Amino acid sequence: MEIKTALITGHTSGLGKALWDRLEDANWFLTGWSLDTGVDVSSEESVRRATSELDLAPFDVVINCAGVNFIDWHEDTPIEQWDRLMNTNARSMWLVVKELLNAGSIAKPATVVNIVSNASHMPMTNSAAYNASKGAAHILTLQMNRELKKRHDITVFGISPNKMSGTQMSDYIGQRVCELRGMTPEEAQAYQLASLPAGEETDPDTCAEFIAFLLSQPKRHKYLAGCIIPYGA
C-alpha cells in the first residue's frame, strides 16, 4: 500500500513545518491543523468542527506535532499554563485521533506518529509543566498503539527529539533561561549544548527527512508499533 494522505497538527512552524515541506515535496495530499488555520487541537469543539469540515479523508497518516512550552520555577507556574501545556501537548493527541476515528476519517490500515520529546524522560530545571505533559504524551503513545493496533489496524509510534535549532520554541527557551538564571545568551547556549550528546541542537529538516523516510513505505515503520525513538538525545 502506498501512503498518500496525511493530517499534520502544528504544521506551520518548527518540525511540523519541516514535515509538511518534506511530504509535500513527495506529493502527499496534506491537511494541516493549527491555531494559524483556526483549529485549536486542545479543544473538543474545535477538533470536532474541523473533522466535520474535512474534504480529504480518510487519512493514511496522522502526525501529532502541535506543541507549546512554558518555563518558570515550580512555585511560579500558573495553573492556566500547566493546563495549557497538558491540553496541547498530550490531550490533543488523544482528542484528534478519537474524533477522526469516530468520524471514519482514518484509513484502515493507518499510521499515527506522535512527536514527543526527550523532556518526557529527562528532568529539566524550570520545566515541570512541559516535562509532565511530554511524559503523558509518551505513555499515551504506548497506550494508543496497544488499543488501536488490535481494534483498528492503526500503527502508533513516537519520535522524541532533543532541542531543535532555529524554532520559535528554541528561541523562547533561550530567552527564558537567561531571564530565570541570570545567564548571558552565550552562557545559556553553552549550558544547553553541554547536555546534548551530539553537541548541537537537532536540525528540524533532518529530523523531518528521517520521519518522512519511515513513512514512505509501511514496511519501514510497521515494526515500530508501540515504540518511541529518541532523536538527537
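Select Val62 and Val112 to begin: Val112, in strand 4, is the bridge partner of Val62. Keep in mind as you look around that this is a predicted model.

Now widen the selection to the two strands. Strand 3 covers residues 59–64, and its pairing with strand 4 is parallel, over 5 bridges. Color residues 106–115 next to see strand 4 in full: 8 of its 10 residues are buried, so the rest of the structure largely encloses this strand.

For the other pairing of strand 4, pick Asn114 and Gly158; Gly158 lies in strand 5 and is the bridge partner of Asn114. Show residues 154–161 to bring up strand 5, which pairs with strand 4 in the parallel sense over 6 bridges.

Next, add the helices. Residues 79–102 are helix 3, which forms a right-handed β-α-β unit with strand 3 and strand 4. Residues 128–152 are helix 4, and this helix makes a right-handed β-α-β unit with strand 4 and strand 5.

Hide the strands and look at the helix pair. How far apart are the axes of helix 3 and helix 4, and at what angle do they pack? The axes are 7 Å apart, and the angle is about 15 degrees. Because angles under 35 degrees count as roughly parallel, helix 3 is roughly parallel to helix 4. Their crossing is right-handed.

Last stop: turn on side chains where the two helices meet. On the helix 3 side, the residues in contact include Trp82, Met86, Met93, Trp94 and Leu101. Across from them, the helix 4 residues include Tyr130, Lys134, Leu140, Met144 and His152.

Key: Residues numbered from 1 in each chain as written. Predicted model: local features only at pLDDT ≥ 70, side-chain atom pairs only at ≥ 80, totals over all residues. Heavy atoms only, no water. Buried < 20%, exposed > 50% of the residue type's maximum accessible area, 1.4 Å probe, protein only. Pairing = 2+ DSSP bridges. Right-handed = clockwise from strand over helix to strand, strands pointing away. Axes fitted to C-alpha atoms, helices over the stretch in contact; angles between N-to-C directions. Parallel < 35°, antiparallel > 145°, perpendicular 65-115°, else oblique. Left-handed = near helix turned anticlockwise from the far one by under 90°. Contact = heavy atoms within 4.5 Å.
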